[in-house]
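Thank you all for making time this morning. I would like to walk through one structure with you, beginning with the chain as a whole and then moving into its sheet.

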Amino acid sequence: MADLLVKLYELPALAPAVDALAAKNIIIRRPIGPENYAVIAWIKEYFGAGWAGEAENAFFRSPKGVFIAVNQEEGKEPEMLGFACYDATVKGFFGPTGVKPEARHQGIGGALLLACLHAMHDEGYGYGIIGSAGPVDFYKKMCGAVVIEGSDPGVYRGMLYTK
């Protein structure tokens, strides 16, 4: 899969996506220190060791390069629904990202994407790269991403895979 390029200076507003989820008790935020390994374990459970390893890199930079989606419904235990990272594989890259299967199609993935891309812009990046993008049409729609020709396999060339 090819990489995509995003103009971080022309992003859609983040607030509408975050506010729509907050109305459903779903909060987009950065995890705090005591949550690091719980989040990494969740990523490994739902998306495998490779993505967990990639995501772990994003936890140990400042500020953290990871956002999570948490169902914070009153009277219930918080439940993790999704995550997104940036600067995890290499600087300037968005990903990995994932949403729990039963929580998809609610706008969680889009809000996580925009949270990361806005954070990248706030940290001084002009452009972001979505590495080895799966749902290209989703990224085109959400943030105007364009395919980088000749970028497959890109930085992932020769990578060792975990099982």
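Before I give the surface figure, let me say that accessible areas here come from the Shrake-Rupley method with a 1.4 Å probe. On that basis the protein chain exposes about 8700 Å², and carbon and sulfur atoms supply 56% of that area. Please keep in mind throughout that what you are looking at is a predicted model.

Let me stay with the whole chain for a moment. Its secondary structure comes to five helices and seven strands, and if you read along the sequence you meet them in the pattern β-α-β-α-α-β-β-β-α-β-α-β. The radius of gyration is 15 Å, close to the 15 Å that the globule rule gives for 163 residues, so the protein chain is as compact as a globular protein of that length. Along its principal axes the C-alpha trace spans about 50 × 35 × 30 Å, and 42% of the 163 residues count as buried. If we take the contacts between residues at least 6 apart in sequence, 70% of them join residues at least 24 apart. As for charge, there are 15 positive and 18 negative side chains, and the centres of these two sets lie 3 Å apart.

Now to the sheet. In what order do the seven strands of the open sheet lie? The order is E2-E3-E4-E5-E6-E1-E7, and the pairing is mixed. Strand E2, residues 26–29, and strand E7, residues 146–147, stand at the edges with a single partner strand each, so one side of each is left without a neighbour in the sheet.

I would like to spend the remaining time on strand E4, which runs over residues 79–86 and is mostly covered, with seven of its eight residues buried. Strand E3, residues 66–71, pairs with E4 in the antiparallel sense over six bridges, and within that pairing Val 66 has Cys 85 of E4 as its bridge partner. E4 also pairs with strand E5, residues 93–99, again in the antiparallel sense, over four bridges, and here the bridge partner of Phe 83 is Gly 98 in E5. The hairpin of E4 and E5 has six residues between the strands, and in it Asp 87 takes a positive phi near 55°.

Moving on from E5, which sense of pairing, parallel or antiparallel, does E5 have with strand E6, residues 127–130? E5 and E6 pair in the parallel sense over two bridges, and Phe 93 stands opposite Ile 129 in E6.

Definitions and conventions. Residues are numbered from 1 along each chain as its sequence is written. This is a predicted model: local features need pLDDT of at least 70, side-chain atom pairs count only at pLDDT 80 or more; totals for chains, interfaces and linings use all residues. Side-chain values use heavy atoms; hydrogens and water are left out. The radius of gyration is taken over C-alpha atoms; the globule rule is 2.2 Å times the number of residues to the power 0.38. Buried means under 20% relative accessible area, exposed over 50%, partly exposed in between (1.4 Å probe, protein chains only). Contact means heavy atoms within 4.5 Å. Lys and Arg count as positive and Asp and Glu as negative; His and the chain ends are not counted. The place of a charge is taken as NZ of Lys, CZ of Arg, CG of Asp or CD of Glu. Two strands pair if DSSP finds at least two bridges between them.
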